[in-house]
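Visitor: I should like to study a single part with care. Please give me a close look at the largest pocket.

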Amino acid sequence: MDLRPNYPVSTPRLQLRPLTANDTTALLAYRGEAEVCRYLPFEPMDESTIAARLASDLGRREITGEGQSLTLGVELADTATLIGDVVLFFHSVRHAGGEIGYVFNPTAAHRGYAAEACAAVLDLAFDDLGLRRVTARMDSRNAASARLVTRLGMRHEAHHRSSEMFKGSWADLDIYAILDEEWRAHRRRHPQP
Ligand SMILES: CC(C)(COP(=O)(O)OP(=O)(O)OC[C@H]1O[C@@H](n2cnc3c(N)ncnc32)[C@H](O)[C@@H]1OP(=O)(O)O)[C@@H](O)C(=O)NCCC(=O)NCCS
C-alpha cells in the first residue's frame, strides 16, 4: 500500500500539493499562532521549527509504508495563497487504518475550505492508498473540529474522559471515524462537501 498523488490535487476552489521551504512564511502565519495551536499537540512553531519539519515529515511527497504521514498544503486555486494544511497518517497495513488532521489560517475560516480539502484527502486515503478506516481525534473542547468531521460524515465513536495530559492539564478526547463504504455513501449524497 502506498500513495503517490498526481500534484496538484484539485477541488472546485482549492489545490493541494506538497509543502516546500517557500511556504515557511505562510506556515508561520498560522502554525506560529497560539490561538490556532490551542488544541493542537504542539506549541506555536517558530521559523527554525518549521524549517526542520519541512526538511522531514512536513516535506514528504508520498507515502511508501505504514508509520508515515503525508501533509499537503492547501492553496486557493485563484490566488495560490497557502491557507492551511491537511495531514494523512498511515497507521497500519494490517488494519488498513489511518488518521486525518488539519490546521488552517483563521483568515480563511468559515468558508468551507477545510471541509473541501479534507474531503480530497479522504478520497486519497480510500481510493488511492486503499484504507478501510480513517479516524480523527481531538480535544473535546475543539467544537470547530468536531463540526468539521461531522460534516464530512465521520461518526462519533468515543469520548475518553480526562484521558490525556494536554499542555499541562488533563483533557477529554473525542474519537471520530469513517469506513470506506461510509465515505463512498457520503460522497454520493454530498458530491461537494
Ligand atoms: C478545525 C478548523 C480547520 C475548522 O475550520 P472551519 O473554518 O470551521 O471549517 P471550514 O473551512 O470547513 O468552514 C466551515 C464553516 O464555514 C461555513 N461556511 C460558510 N460558507 C461556506 C461555504 N461556501 N461552504 C461550506 N461551508 C461554508 C460552514 O457553515 C461552517 O460553519 P460552522 O462550523 O459554524 O457550521 C479550524 O478551526 C482550525 O484550523 N483550527 C485550528 C487547528 C485545529 O484545532 N485543528 C484540529 C485539531 S484536532
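Guide: On a 1 Å grid over the protein atoms alone, a pocket is an open set of points with protein on both sides within 12 Å along at least five of seven lines. The general idea is that rolling a probe the size of a water molecule over the atoms shows where empty space is left. Please keep in mind throughout that this is a predicted model.

The largest pocket holds about 1400 Å³ of space. Its lining is made up of 50 residues, and those nearest the centre are Leu40, Tyr102, Val103, Asn142 and Ser145. Eight elements contribute two or more residues each to this lining. The strands among them are β3 (69-76), β4 (82-92), β5 (97-104), β6 (133-139), β7 (155-166) and β8 (169-179), while the helices are α3 (113-128) and α4 (143-151). Sorted by class, the lining has 27 nonpolar, eight polar and 15 charged residues.

We may now turn to what occupies this space. The ligand sits in the largest pocket, and 21 residues surround the ligand. The closest of these are Tyr102, Phe104, His110, Asn142 and Arg147. Tyr102 and Asn142 thus appear twice in our account, as they are also among the residues nearest the centre of the pocket.

The shell around the ligand can be described in the terms used for the lining. At least two of its residues come from each of β5, α3, β6 and α4, and these four elements also appear among the contributors to the pocket lining. The largest share of the shell is that of α4, which gives five residues. By class, the shell consists of 12 nonpolar, four polar and five charged residues.

Finally, let us consider individual polar atoms. One oxygen atom of the ligand lies 3.0 Å from a backbone N or O atom of Ala115. With Arg111, the partner is again a polar backbone atom, and the distance to an oxygen atom of the ligand is 3.4 Å. With Arg151, by contrast, an N or O atom in the side chain lies 3.3 Å from an oxygen atom of the ligand. As for coverage, the ligand on its own has 960 Å² of accessible area, and the protein covers 71% of that area.

Conventions. Residues are numbered from 1 along each chain as its sequence is written. This is a predicted model: local features need pLDDT of at least 70, side-chain atom pairs count only at pLDDT 80 or more; totals for chains, interfaces and linings use all residues. Side-chain values use heavy atoms; hydrogens and water are left out. On a 1 Å grid over the protein atoms alone, a cavity is a set of points where a 1.4 Å probe fits but cannot get out, and a pocket is an open set with protein on both sides within 12 Å along at least five of seven lines; lining residues have an atom within 4 Å of a point. Grid points are joined across faces, edges and corners, and a volume is the space filled by probe spheres set on the points. Ala, Val, Leu, Ile, Met, Phe, Trp, Tyr, Cys and Pro count as nonpolar, Asp, Glu, Lys and Arg as charged, and the others, Gly among them, as polar. A residue is near a molecule or strand if one of its heavy atoms lies within 4 Å of it. A polar contact is a pair of N or O atoms within 3.5 Å; within protein, one must be able to donate a hydrogen and the other to accept it, and residues adjacent in sequence count only if both atoms are side-chain atoms. Accessible areas come from the Shrake-Rupley method with a 1.4 Å probe; for residues, only the protein chains shown count as cover. A molecule sits in a cavity or pocket if more than half of its atoms lie within 2 Å of its grid points.
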